[in-house]
Amino acid sequence: MTELSTNQESHVTTGATVWLTGLPSAGKTTIAHELAGRLRAEGHRVEVLDGDEIREFISAGLGFSREDRHTNVQRIGFVAELLARNGVTALVPVIAPYADSRDAVRKRHETNGTAYLEVHVATPVEVCSVRDVKGLYARQAAGELTGLTGVDDPYEEPESPDLRIESQHQSVQESAASVYALLSERGLA
């Protein structure tokens, strides 16, 4: 056996899916990338399943109806569970506005015995609209966009997430550290 393969084997851990749900511009993706860097530095296998990239490559052609959003979330959940069951920590910063869609993803993980953590990045819409990373809130206010989650389309907040983060009260590093602490507490980091 080569030294490289021995090293890789010693870093293989149980995978998990960490689903970061919240409004647009809540900080989900930023937190996921910060956490991914920390986990990779420790030798963990990590993938960030960014919602925008998934829409472009896996869910192209889907719109933003409730049915299409559900389909998109189920596709992402399938990929995340597949990665997690194979030893990868899948960080999923995806809005997933409907509780029943998130519950179906959690059940898929439970059925397969795969670790799943739901993190609600509970940033208020007023803060998100100021951050407005993609200009969505400005476009909605100008009448150029409808169906914006949390504004004129529903967002069903998780009732009992594994972790709730109020990103407006802490740094990105502190938010990522909170998720890392949860993973550690569950024996997943």
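## The largest pocket

In this predicted model, the largest pocket is lined by 29 residues. If you want to find its centre, look for Pro24, Asp52, Ile95, Lys134 and Leu136, the lining residues that lie nearest to that point. The pocket has a volume of about 720 Å³.

Three helices each supply at least two residues of this lining: α2 (28-41), α3 (51-57) and α4 (66-85). Sorted by class, the lining of the largest pocket has 13 nonpolar residues, nine polar ones and seven charged ones.

## The second largest pocket

Next comes a pocket with a volume of about 160 Å³, the second largest. Helix α5 (99-111) and strand β4 each supply at least two residues of its lining, and α5 gives the most, with four residues.

Among the residues that line the second largest pocket are Ala99, Arg102, Asp103 and Arg106, along with Tyr116 and Glu118. The lining also includes Glu156, Glu157, Pro158, Glu159, Ser160 and Pro161. By class, the lining of this second pocket has seven charged residues, four nonpolar and one polar.

## Strand β1 and its partners

Strand β1 covers residues 16-21, and six of its six residues are buried. In a regular strand, side chains alternate between the two faces of the sheet. Both faces of β1 are covered: Ala16, Val18 and Leu20 are buried on one side, and Thr17, Trp19 and Thr21 are buried on the other.

Who are the neighbours of β1 in the sheet? β1 pairs with strand β3 (residues 89-93) in the parallel sense over five bridges, and Trp19 stands opposite Val92 in β3. Six bridges join β1 to β4, and these two strands also run parallel. In β4, Ala115 is the bridge partner of Ala16, while Leu117 is the bridge partner of Val18.

## Strand β4 and His120

Strand β4 is mostly covered, with six of its seven residues buried. Besides its bridges to β1, β4 pairs with strand β5 (residues 163-165) in the parallel sense over three bridges.

His120 lies in β4, which spans residues 115-121. Is His120 buried or exposed? His120 counts as buried because its relative accessibility is 2%, and the cut-off for buried is under 20%. In β5, the bridge partner of His120 is Arg164, and the side chains of these two residues are joined by a polar contact of 2.5 Å. Setting aside residues up to four places away in sequence, His120 touches Thr21 and Gly22, then Tyr155, Glu157, Pro158 and Pro161, and finally Leu163, Arg164 and Ile165. Two threads meet here: Glu157, Pro158 and Pro161 touch His120, and these three residues also line the second largest pocket.

## Val179 in helix α8

Val179 lies in helix α8 (residues 172-185). With a relative accessibility of 1%, Val179 counts as buried. Which residues is Val179 in contact with, leaving aside its neighbours within four places in sequence? They are Val18, Ile31, Leu35, Val119, Leu163 and Ile165.

That list links α8 to elements you have already met: Val18 is one of the buried residues of β1, and β5 takes in residues 163-165. Val179 and Ile165 are 14 residues apart in sequence, and their C-alpha atoms are 8.8 Å apart in space.

Definitions and conventions: Residues numbered from 1 in each chain as written. Predicted model: local features only at pLDDT ≥ 70, side-chain atom pairs only at ≥ 80, totals over all residues. Heavy atoms only, no water. Buried < 20%, exposed > 50% of the residue type's maximum accessible area, 1.4 Å probe, protein only. Polar contact = N/O pair within 3.5 Å; in protein donor to acceptor, adjacent residues only side chain to side chain. Contact = heavy atoms within 4.5 Å. 1 Å grid on protein atoms, 1.4 Å probe; cavity = no way out; pocket = protein on both sides within 12 Å on 5 of 7 lines; lining within 4 Å. Points joined across faces, edges and corners; volume = space filled by probe spheres on them. Nonpolar A, V, L, I, M, F, W, Y, C, P; charged D, E, K, R; others polar. Pairing = 2+ DSSP bridges.
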